[in-house]
Amino acid sequence: MTSTVLKACHRSLCVETSPQDGDSAASSQSRFPHKAFWVILSASLLLVIVALGLTGHLGLSRPHSQPSQIVRITVPDQTGVLINQSAVVDQQNDLVTFCVTSPANQTSTVLFDIKHGLICYKPVDQQSCFLRKMEMSDYDNVRSLLHESAHKNHFQLSGNETQRQTEFLGVLAASQVDVSTLEEPLQALCQDRSIHWTKRAEGPGKQRLVYFCIDICFPSNICVSVCFYYLPE
């Protein structure tokens with residue numbers, strides 16, 4: 001009777017077994033799920049280990065973002081009075097922001113956007129910002145700051161050794177800049193002001209008045225006095 005039943009159960013597989021053979025097959029089938037479980041678990045652990053290894057490798061190979069650095073520059077003016085300046089160096093975004101304090105303790109801001117080749121001046125006592133394109137001398141001066149700031153963050157310039165230069169920028173009052181066309185750092189700096197292009201010139205001439213100047217000093221012992229005057233519309 002038992003033999004007949006076993007033959008019927010396995011007829012589709014074309015296998016004929018004895019009762020002892022059936023017990024062995026059932027035991028093998030009961031062990032198979034456990035074996036499959038361990039194979040799947042081992043494969044999953046292997047995938048996790050590989051994923052963690054790749055993540056760690058990418059984390060080590062990815063350059064760490066460099067935090068902004070504050071550099072202080074102290075230099076005597078032509079009368080011997082010490083002027084303190086500070087510059088925020090953001091090498092990751094190619095930005096250098098000068099905070100220039102006048103003898104009257106008023107602070108103007110000058111932003112060098114190296115990536116886009118622009119300089120933006122924000123005088124403390126004006127209602128406008130002034131924009132111009134960087135020239136080779138500007139790149140040289142800023143590079144000296146980027147290079148030297150890697151070694152120290154405070155520079156004491158000597159009045160006797162400092163080279164003093166003067167630049168004249170004519171303000172083009174009619175050429176107001178659309179703020180939305182500028183990059184985010186410039187927008188943030190001048191969000192509450194109008195922005196005007198300026199034009200480099202040899203001097204304002206006798207018929208023009210210089211309205212204000214901003215002095216910027218660099219670790220290369222160069223101080224540049226940037227003076228502004230208004231051009232006719």
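Here is a short chat about the cysteines and some paired strands in this predicted model.

User: How do you know that C129 and C190 form a disulfide?

Analyst: Their sulfurs sit 2.0 Å apart. A disulfide needs two cysteine sulfur atoms within 2.5 Å, so C129 and C190 qualify.

User: Why is that disulfide of C129 and C190 called left-handed?

Analyst: The torsion about its S-S bond is about -100 degrees, so the disulfide is left-handed. C129 lies in strand β6 and C190 in the loop between α4 and β9, so this pair ties together parts that are 61 residues apart in sequence.

User: What about C120, and why is there no bond from its sulfur to C190?

Analyst: The closest cysteine sulfur to that of C120 is in C190, at 3.5 Å, which is too far for a bond. The cut-off is 2.5 Å. C120 is also buried, because its relative accessible area is 0%, and buried means under 20%.

User: What makes C213 and C227 a disulfide?

Analyst: Again it's the distance: S to S is 2.1 Å, and the rule asks for within 2.5 Å. The link of C213 and C227 is right-handed, with 110 degrees about the S-S bond. C213 lies in strand β10 and C227 in strand β11, so the pair ties together parts that are 14 residues apart in sequence.

User: Why is C213 called partly exposed?

Analyst: C213 has 41% relative accessibility. Partly exposed covers what lies between buried, under 20%, and exposed, over 50%, so C213 counts as partly exposed. Its partner C227 comes out at 5%, so C227 counts as buried.

User: How do you know that C217 and C223 are joined, and what is the handedness of their disulfide?

Analyst: Their S to S distance is 2.0 Å, and the limit is 2.5 Å. The torsion is about 110 degrees, so the disulfide is right-handed. C217 is buried at 3%, and C223 counts as buried at 4%.

User: How many disulfides does that make?

Analyst: Three, by this rule. With the bonded cysteines numbered in sequence order, the pairing is 1-2, 3-6, 4-5.

User: What makes β3 and β4 count as paired strands?

Analyst: They share seven bridges in the antiparallel sense. Pairing takes at least two bridges, so β3 and β4 pass. One of the bridges links T101 with T107 in β4. The two strands form a hairpin with five residues between them, and N105 in the turn has a positive phi of about 65 degrees.

Key: Residues numbered from 1 in each chain as written. Predicted model: local features only at pLDDT ≥ 70, side-chain atom pairs only at ≥ 80, totals over all residues. Heavy atoms only, no water. Helix = DSSP H or I, 4+ residues; strand = E, 2+ residues; numbered from the N terminus. Buried < 20%, exposed > 50% of the residue type's maximum accessible area, 1.4 Å probe, protein only.
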